[in-house]
Amino acid sequence: MSSDPTPLKPGNPKPWNDPRVRSVAFQLIAIAAVAWIGYSLFQNTISNMESRGIRTGFGFLNETAGFGIIMSLIDYNETMTYARTFLVGLTNTLLVSGLGILFATIVGFIVGIARLSTNWLVAKLALAYIEIFRNVPLLLQIFFWYFAVLGTLPGPRQALDVGGVAFLSNRGIIIPRPVFEAGAGWIGIALIIALIASAVMVIWARRRQAATGRIFPAFPLASALILGLPALAYFVMGRPVGWDIPAMGGFNFSGGITAIPELGALLLALTIYTATFIAEIVRSGIVSVSSGQTEAALALGLPPRRVLRLVVIPQALRVIIPPLTSQYLNLTKNSSLAVAIGYPDLVNVFMGTSLNQTGQAVEIVAMTMAVYLAISLSISLLMNIYNRAVALKER
């Protein structure tokens with residue numbers, strides 16, 4: 001004798017049994033715990049500083065700094081405030097980081113392509129460059145360029161003369177400084193117009209080529225436009241740009257623009273070191289493209305240079321850009337090693353001298369960390385935008 005079991009009626013499930021509810025709850029608990037720990041640390045720091053008579057706040061930024069800086073892209077002297085020293089250090093950091101990214105990218109792409117050259121000597125020289133400079137610590141390379149190379153240059157009186165307008169000595173390289181007169185602004189306007197027109201022309205040429213297959217010489221025309229239009233404005237406005245030629249006076253040069261040896265050593269080391277990693281990234285990106293793509297392009301009669309520029313590199317970029325972004329971030333953060341040779345970057349000027357004079361460790365360290373975080377996030381954002389722009393899209 002058998003009987004069917006009475007089916008159980010489903011009741012209302014408890015919210016805790018829902019995985020989504022548990023997931024949200026655990027995340028809220030974790031966020032609350034982190035916030036509580038952060039608040040506790042903040043309050044503990046404030047109370048400890050107050051008990052020791054250490055002042056807090058950012059009022060020190062309005063106080064007079066009282067120390068000089070050997071290089072500044074903006075006006076600065078000893079009578080200005082700590083806020084001004086912050087801006088000086090920030091601009092110097094942005095300068096070496098921006099130039100380092102530009103030069104390292106150029107050198108890295110050249111060496112990465114040379115690694116795949118069919119010329120045995122070129123390929124081996126590129127390999128030797130990568131293996132040597134990639135495996136030597138960056139700090140040692142900075143010391144090498146600063147002490148062993150630039151430090152051995154002659155003094156100002158025996159400086160190397162380059163055509164009577166530029167000089168190279170252990171004080172740095174001195175080049176003519178442009179002096180802008182009335183009407184020089186039109187040259188800048190002409191340059192901006194030329195850049196915008198060139199960008200529009202390049203975009204139009206790419207779309208035209210994608211639609212019709214016909215190639216338009218956009219790059220030569222854009223180069224001519226960028227150089228020619230400002231030159232035309234220069235002559236039309238009566239040559240409103242002069243040059244302040246450096247000259248030897250006393251024990252040093254007067255006039256011109258001086259690039260200090262600390263900047264040169266740091267820039268050389270950052271460029272050469274980071275370029276080795278970029279070269280390997282470029283090589284791996286090119287290798288990732290199927291050889292059938294190259295063979296098909298060559299079979300169509302395209303020359304090797306155009307195959308590389310139009311077929312291989314556009315496809316390799318989707319592999320190159322993500323790790324390339326990491327190298328840009330590393331270069332920016334590695335620029336803080338400038339403190340080892342006295343280059344006046346943000347770490348040296350603000351987190352070094354300013355911190356020692358004011359004792360505002362928490363505020364200064366927090367501001368410095370926030371700057372590097374903002375720079376890194378900005379680089380990542382720009383590279384992500386560029387990555388989406390060059391990504392291969394299906395039609």
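Which residue forms a salt bridge with E280? Select R283: its closest N and O atoms to E280 are 3.3 Å apart, where a salt bridge is a side-chain nitrogen of Lys or Arg within 4 Å of a carboxyl oxygen of Asp or Glu. Before going on, note that this is a predicted model, in which local features need pLDDT of at least 70 and side-chain atom pairs count only at pLDDT 80 or more, while totals for chains, interfaces and linings use all residues. Residues are numbered from 1 along each chain as its sequence is written, and side-chain values use heavy atoms, leaving out hydrogens and water.

**Stop 1: helix α7 and the salt bridges**

Stay with R283 and E280, which both lie in helix α7, three residues apart, about one turn of the helix. Helices here are DSSP runs of H or I with at least four residues, strands are runs of E with at least two, and both are numbered from the N terminus. E280 is buried, with a relative accessible area of 17%, while R283 counts as partly exposed at 23%; buried means under 20%, exposed over 50% and partly exposed in between, with a 1.4 Å probe and protein chains only. Add R115 to your selection to see a network of salt bridges linking R115, E280 and R283.

The whole structure has four salt bridges. Jump to helix α3 for E131 and R134, whose side chains meet at 2.9 Å, N to O. They are three residues apart in that helix. Next, pick D244 and R177, a salt bridge of 3.2 Å, N to O. This pair links distant parts of the chain, with D244 in strand β5 and R177 in strand β4 (residues 177-180), 67 residues apart.

**Stop 2: the nonpolar cores**

Now select L266, Y343 and F350, which touch the most other members of the largest nonpolar core, a set of 69 residues. A core here is a set of buried Ala, Val, Leu, Ile, Met, Phe, Trp, Tyr and Cys residues joined through side-chain atoms within 4.5 Å. The largest share of this core, 14 residues, comes from α7. Centre on Y343 and show its contacts, meaning heavy atoms within 4.5 Å: leaving out residues up to four places away in sequence, they include M71, L95, I260, L266 and N348.

**Stop 3: a patch on the surface**

Colour W186, I189, I193, L232, V236 and M237 to reveal a nonpolar surface patch of about 600 Å². Patches are made of residues with over 30% relative accessible area and no salt bridge, with like charges joined within 9 Å and nonpolar side chains (Val, Leu, Ile, Met, Phe, Trp, Tyr) within 5 Å. α5 gives the most to the patch, with three residues. V236 lies in helix α6 and is exposed, with a relative accessible area of 60%.

A little further along is R239, in the loop between α6 and β5 (241-244). R239 has a positive phi of about 55° although it is not a glycine. Most residues other than glycine have a negative phi.

**Stop 4: strand β6**

Select M248 in strand β6 (residues 247-249). Beyond its neighbours within four places in sequence, M248 is in contact with P156, R157 and F253.

**Last stop: zoom out**

The full chain has eleven helices and eight strands. Its C-alpha atoms fill a box of roughly 115 × 80 × 45 Å along the principal axes. Of its 395 residues, 33% count as buried.

How values were computed
Accessible areas come from the Shrake-Rupley method with a 1.4 Å probe; for residues, only the protein chains shown count as cover.
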